[in-house]
There are 2 protein chains.
Amino acid sequence: MTTRIVELRRGILKKNDELAAGLRHQFTSAGVLVLNLVSSPGTGKTAFLERTLRELRARGAQAAALVGDLETDNDARRLAASGAPVRQINTHGICHLDAEMIGRHLEGWEGVSLAGLNYLFIENVGNLVCPSSYDLGERIRVVLLSVTEGEDKPLKYPGLFNSADAAVITKIDIAEPCGFDRELALRNVNEIRPGIRIFETSAKTGAGMDEWLAYLAEQARPA
Amino acid sequence: MTTRIVELRRGILKKNDELAAGLRHQFTSAGVLVLNLVSSPGTGKTAFLERTLRELRARGAQAAALVGDLETDNDARRLAASGAPVRQINTHGICHLDAEMIGRHLEGWEGVSLAGLNYLFIENVGNLVCPSSYDLGERIRVVLLSVTEGEDKPLKYPGLFNSADAAVITKIDIAEPCGFDRELALRNVNEIRPGIRIFETSAKTGAGMDEWLAYLAEQARPA
C-alpha cells in the first residue's frame with residue numbers, strides 16, 4: 001500500500017511540476033512577476049494582499065490576484081475593494097492550490113491579460129504543510145507568519161519555510177499584547193532558511209509596506 | 001488517474017476508520033475520555049491544553065496527552081511542565097495524525113495505562129483541512145479558533161467545523177486589540193454546526209476555563 005501511495009504521489013507531483021514549468025515560461029514571456037503567498041489560516045494574507053494591491057495601484061502598477069479557499073468567495077470580495085482584478089478559486093476540500101487550477105483560472109479571465117500585468121499574486125489556501133509541495137509556476141514564494149502564532153512555527157513547519165524566497169511577519173501592530181518575541185522569531189526563520197529577506201509589516205498601520213513595495217519593484221525590474 | 005486516487009483515498013480512509021473503531025473500543029473499555037484538538041497552527045492549542053492539564057491535575061484528575069507535529073518536540077516539552085505524562089508524535093511531513101500513529105504511540109508509553117486515566121488529549125497537527133477526515137477513535141472532537149484569525153474561518157473550512165463536537169475560542173484576552181467581532185464569529189460557528197457547545201477562553205487569564213472544565217467532568221461521567 002505504502003509503495004503504491006508513494007508512486008502515485010510522485011506521479012501527481014511530476015505532473016504538477018510539468019504544468020508549473022509551462023506556467024513559469026508563460027509568466028516570464030509575458031513579463032509578469034508572479035508571487036505565491038502561503039501561510040496558516042488567519043495569518044492575515046488577505047489583509048496584507050489587499051493593502052499591497054491598493055498601494056501598487058496608487059503607484060501606477062498593474063496588479064491582479066488569484067485567491068484560493070476551500071469554500072466561499074469572501075476573500076475575492078475583500079480583495080476586489082482594492083480595485084484590482086481578482087478571481088476566486090474554490091478547491092472544494094482540497095488543501096492547496098495546484099498548477100492545473102492556476103492554468104484553468106487564467107483562461108477566460110475577463111479583462112485580464114498576463115502581458116498587461118506587472119504583478120500577479122496567488123493567495124494559497126491557508127495551510128502550512130501541503131502547499132509546500134505544489135509549484136504554481138511562481139517566481140517568488142512568500143511565507144507569512146503573524147505575531148500571534150508562536151515564534152517556533154519555522155521549526156515546526158520547515159518544509160514550507162525552507163521552500164520560501166521571502167518571509168513576511170504580519171500584524172506587528174499587536175506584537176506587544178501578543179507577547180511576541182521578535183529576536184526569537186527572526187532567529188528561527190534564519191535557522192531554517194539562512195539569509196532569507198524578512199519584512200515586518202502591519203496591513204493596519206502600513207508599517208513595513210514601503211520596504212516590501214521597494215522589494216517588489218526591484219524584483220519586477222527586467223534583468 | 002482521478003479514479004485511482006479516489007479509490008486509493010477511500011482505501012486509506014477505510015483502513016483508518018477500522019483502526020479508529022478499535023481504538024474507540026479500547027478507550028471506552030478503559031473508561032478514559034479521549035478528545036482530539038484541531039485548529040490552525042498558532043491558535044494556541046498547546047497553551048490551552050497546558051492550562052487544561054494543570055487545572056485537571058489540581059482537581060485530582062488523571063490526564064495525559066499525545067501531541068502531533070511535523071517536527072520538533074517543543075510542544076511535548078511545554079506540555080510536560082503541567083506535570084502530566086506527554087508523548088510527542090512527529091509526523092515528518094504528514095499533515096495530520098492518523099489512527100495508526102495513535103495506536104503505535106500508546107504502546108510502551110512508560111508509566112501510562114489507559115485504565116489509570118480519566119482523560120487523554122490528542123493535540124493534532126496544526127491544519128484546518130486534512131485532520132477532518134481522520135478519525136482517531138476520540139469521543140469528542142474539539143475545534144479551536146483564536147480571536148486573531150478572522151471570524152469567517154468556519155465558513156471557509158466547513159468540513160472541520162462540521163465534524164466537531166465542541167468549539168473553543170482562544171485568546172479572548174486580546175479580542176479588543178484584534179478587533180474581534182464576537183457576534184459574527186458565534187453566528188458563523190452556529191451556521192456550520194448549529195447548537196454546538198462554544199467556550200470562550202483565555203489560557204493566559206484563565207477566563208472561561210471553569211466552564212470548560214465543568215464540561216469535561218460532565219462528559220467523563222459514566223452514563
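Two strands count as paired here if DSSP finds at least two bridges between them. Strands β1 (residues 33-38) and β5 (residues 140-146) of chain A are joined by four bridges and run parallel. Keep in mind that this is a predicted model. Below is a quick tour of the sheet in each chain, the helices packed on it, the contact between chains A and B, and a few local details.

**Chain A: the sheet**

- Chain A has an open sheet of seven strands, paired in parallel, and the order reads β3-β2-β4-β1-β5-β6-β7.
- The edge positions go to β3 and β7 (197-200) of chain A; each has a single partner strand, so one side of each has no neighbour in the sheet.
- On average, neighbouring strands in this sheet of chain A are turned by 20° against each other, if you ignore direction.
- Back at the β1-β5 pairing, which residue in β5(A) is the bridge partner of Asn36(A)? That partner is Arg141(A).

**Chain A: helices on the sheet**

- α4(A) lies across three strands of chain A, namely β2, β3 and β4 (119-123), and runs at about 140° to β3(A).
- Helix α7 (residues 182-192) of chain A lies across β6 (166-170) and β7 of that chain, at about 155° to β7(A).

**Chain A: local details**

- Two residues of chain A other than glycine have positive phi values: Thr72(A) sits near 75°, and His92(A) is near 50°.
- You'll find Thr72(A) in the loop between β2 (63-69) and α3 (74-80) of chain A.
- His92(A) belongs to the loop that runs between β3 (86-90) and α4 (99-106) of chain A.

**Chain B: the sheet**

- Chain B also has an open sheet of seven strands with parallel pairing, in the order β3-β2-β4-β1-β5-β6-β7.
- Why do β3 (86-90) and β7 (197-200) of chain B each have one side without a neighbour in the sheet? Both stand at the edges with a single partner strand each, so that side is left without a neighbour.
- Neighbouring strands of the chain B sheet are turned by 20° against each other on average, direction ignored.
- Four bridges link β1 (residues 33-38) with β5 (residues 140-146) in chain B, and the two strands run parallel.
- Within that pairing, Val38(B) has Val143(B) of β5(B) as its bridge partner.

**Chain B: helices on the sheet**

- Helix α2 (residues 45-58) of chain B packs on the sheet and touches β1, β2 (63-69), β4 (119-123), β5 and β6 (166-170) of chain B. The direction of α2 makes about 170° with that of β4(B).
- Helix α7 (residues 182-192) of chain B packs on the sheet too, touching β6 and β7 of chain B, with its direction at about 155° to that of β7(B).

**Where the chains meet**

- How many residues of chain B are in contact with chain A? The count is 36 residues of chain B against 36 residues of chain A.
- Together the two chains bury about 2,800 Å², with 63% of that on carbon and sulfur atoms.
- Leu8(B), Pro41(B) and Lys156(B) supply 21% of the area chain B buries against chain A, more than any other three residues.
- There are four salt bridges between chain B and chain A. One pairs the side chains of Lys156(B) and Asp69(A), at 3.8 Å from N to O.
- The two chains also share 14 residue pairs in polar contact, both residues at pLDDT 80 or more.
- On the side of chain B that touches chain A, α1 (2-30), α3 (74-80) and α5 (153-156) of chain B supply at least two residues each. α1(B) gives the most, with five residues.
- By residue type, that side of chain B splits into 17 nonpolar, nine polar and 10 charged.

**Salt bridges overall**

- Side chains of opposite charge can pair when their charged atoms come close.
- Over all chains, the structure holds 28 salt bridges.
- One of them joins Asp210(A) to Arg59(A), whose closest N and O atoms are 3.4 Å apart.
- That pair links distant parts of the chain, 151 residues apart: Asp210(A) is in helix α8 (residues 209-220) of chain A, while Arg59(A) is in the loop between α2 (45-58) and β2 of chain A.

Note on methods: Residues numbered from 1 in each chain as written. Chains lettered and ligands numbered in written order. Predicted model: local features only at pLDDT ≥ 70, side-chain atom pairs only at ≥ 80, totals over all residues. Heavy atoms only, no water. Axes fitted to C-alpha atoms, helices over the stretch in contact; angles between N-to-C directions. Contact = heavy atoms within 4.5 Å. Buried area = accessible area lost by both parts, 1.4 Å probe. Polar contact = N/O pair within 3.5 Å; in protein donor to acceptor, adjacent residues only side chain to side chain. Nonpolar A, V, L, I, M, F, W, Y, C, P; charged D, E, K, R; others polar.
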